[in-house]
Amino acid sequence: MKSFLVDQDGYYGEFGGAYVPEILHKCVEELKNTYLEVLESEEFKKEFDQLLRDYVGRPSPLYLARRLSEKYGCKLYLKREDLNHTGAHKINNTIGQILLARRMGKKRIIAETGAGQHGVATATVCALMNMECIVYMGKTDVERQHINVEKMKMLGATVIPVTSGNMTLKDATNEAIRDWCCHPSDTYYIIGSTVGPHPYPDMVARLQSVISKEIKKQLLEKEGRDHPDYLIACVGGGSNAAGTIYHFINDERINIVLAEAGGKGIETGMTAATIQLGKMGIIHGARTYVIQNEDGQIEEPYSISAGLDYPGIGPIHANLAAQKRATVLAINDDEAIEAAYELTKLEGIIPALESAHALGALKKMKFKANDIVVLTVSGRGDKDVETYLAFND
Ligand SMILES: Cc1ncc(COP(=O)(O)O)c(C=O)c1O
């Protein structure tokens, strides 16, 4: 049977792999040779599950959104990752990776962040485990997500503003990789999405797969069947989407819909719609679609949402799109904002700007009345209130 999960060599079809500078080769190999053994050990699973339950607050609810269902003519469930401790799905991954880092004897943790959610989630687990934490964040994002910057500092992390490029997620990731190259032996790099060299995309997908594991169980309880007709999630690097689809990925009864950031429109040049506009390239250690110019130089992406403002895409999703296993929609800034207001007014839930892109996809879909649709609300909107208000001024 065809599988959309990673193969033995770290590829998803022709996407993925590990393209790293020589100095990091040993670190990546070490990780590759360790992660599965640790993640599959009973001792790790016990500690991970316990923290997800008692610290993060899992399982996150699967909520039947009645008014939104009525509006879109289907049975729409929201997977409430916004209710997790620290406000997004990112914490599932950081808990798993810090437990792994500890087992590998690493002392110093570095991370990159866009919206700041991954930075906060990393700073949180470093406080919990008493480890040093350094977070790289583009200066543009430091400004537009300043509440998260203050949280990271309060949690004891050092936040380093990055001033290269257009000062967003790509640039923060470059700096984190540079740091890792300088401290390969004592430093563990907690990547926040299904990006980077193998084994990161697979590891992050596995750690986030708790989302689809819960969806299966919750749907069985609520609907008497363990699968939906549609799964919808936003994609920056792709971790909340990977977690949402993980246990359904090879079951073609289920339609997968991925919402990427259209920015001001895919034809305007101000966009982060990587799957639609990207060409094969290498970014941050993986072979995948990259928004690039004719010379192969990475183009600066744009999205109102800091967490989706990335010119690459996780190899798992690039392959799903290439194989036509997933439908990919570009949702523009204004469509996402409108969808965020709609969820707020109809259901009393203010979503993160990233999640608002997944909600924006609803308007572009045609459902049947008995379709069961599960949409992941990857995070809460507290960090984005100023952007919401400014957009509507
Ligand atoms: C709330 C939220 N959702 C989604 C994303 C996008 O990341 P990913 O595609 O890895 O889920 C981010 C990234 O910062 C985020 O903060």
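Select Pro 59 first: this residue lies in the loop that runs between helix 2 (42-56) and strand 3 (62-64). Display the backbone here, and the peptide bond leading from Arg 58 to Pro 59 appears as cis, with omega near 0°. The model on screen is a predicted one.

A second cis peptide bond can be visited next. Select His 198 and Pro 199, where the connecting peptide bond is cis with omega near 20°. Pro 199 belongs to the loop between strand 8 (187-189) and helix 9 (200-208).

Now turn to helix 5, which covers residues 117-129, and select Thr 124 within it. Is Thr 124 buried or exposed? Thr 124 counts as buried because its relative accessibility is 5%, below the 20% limit for that class. Add Val 120 to the selection: its backbone oxygen lies 2.6 Å from a polar atom in the side chain of Thr 124.

Continue to Asn 130, in the loop between helix 5 and strand 6 (132-138). Asn 130 has a phi near 55°, a positive value in a residue other than glycine. With a relative accessible area of 71%, Asn 130 is exposed.

Met 167 should be selected next, in the loop between strand 7 (158-162) and helix 8. Although Met 167 is not a glycine, its phi is positive, at about 60°. Met 167 is partly exposed, and its relative accessible area is 25%.

Proceed to helix 8, residues 169-182, and select Lys 170 there. Lys 170 is buried, its relative accessible area being 7%. Show the side chain of Asp 171 as well, since a polar contact of 2.8 Å joins it to the side chain of Lys 170.

The tour ends at the ligand. Where does the ligand sit? It occupies the largest cavity. Select the 18 residues around the ligand; those that come nearest are Ser 193, Gly 236, Gly 238, Ser 239 and Ser 378. The shell comprises 5 nonpolar, 11 polar and 2 charged residues.

Three contacts may then be displayed in turn.

- Gly 238: a backbone N or O atom lies 2.7 Å from an oxygen atom of the ligand.
- Ser 239: an N or O atom of the side chain is 2.7 Å from an oxygen atom of the ligand.
- Ser 378: an N or O atom of the side chain is 2.7 Å from a nitrogen atom of the ligand.

Finally, show the surface of the ligand: taken alone, the ligand exposes 390 Å², and the protein buries 98% of that area.

Note on methods: Residues are numbered from 1 along each chain as its sequence is written. This is a predicted model: local features need pLDDT of at least 70, side-chain atom pairs count only at pLDDT 80 or more; totals for chains, interfaces and linings use all residues. Side-chain values use heavy atoms; hydrogens and water are left out. A residue is near a molecule or strand if one of its heavy atoms lies within 4 Å of it. A polar contact is a pair of N or O atoms within 3.5 Å; within protein, one must be able to donate a hydrogen and the other to accept it, and residues adjacent in sequence count only if both atoms are side-chain atoms. Accessible areas come from the Shrake-Rupley method with a 1.4 Å probe; for residues, only the protein chains shown count as cover. On a 1 Å grid over the protein atoms alone, a cavity is a set of points where a 1.4 Å probe fits but cannot get out, and a pocket is an open set with protein on both sides within 12 Å along at least five of seven lines; lining residues have an atom within 4 Å of a point. A molecule sits in a cavity or pocket if more than half of its atoms lie within 2 Å of its grid points. Ala, Val, Leu, Ile, Met, Phe, Trp, Tyr, Cys and Pro count as nonpolar, Asp, Glu, Lys and Arg as charged, and the others, Gly among them, as polar. Helices (H or I, at least four residues) and strands (E, at least two) are DSSP runs, numbered from the N terminus. Buried means under 20% relative accessible area, exposed over 50%, partly exposed in between (1.4 Å probe, protein chains only).
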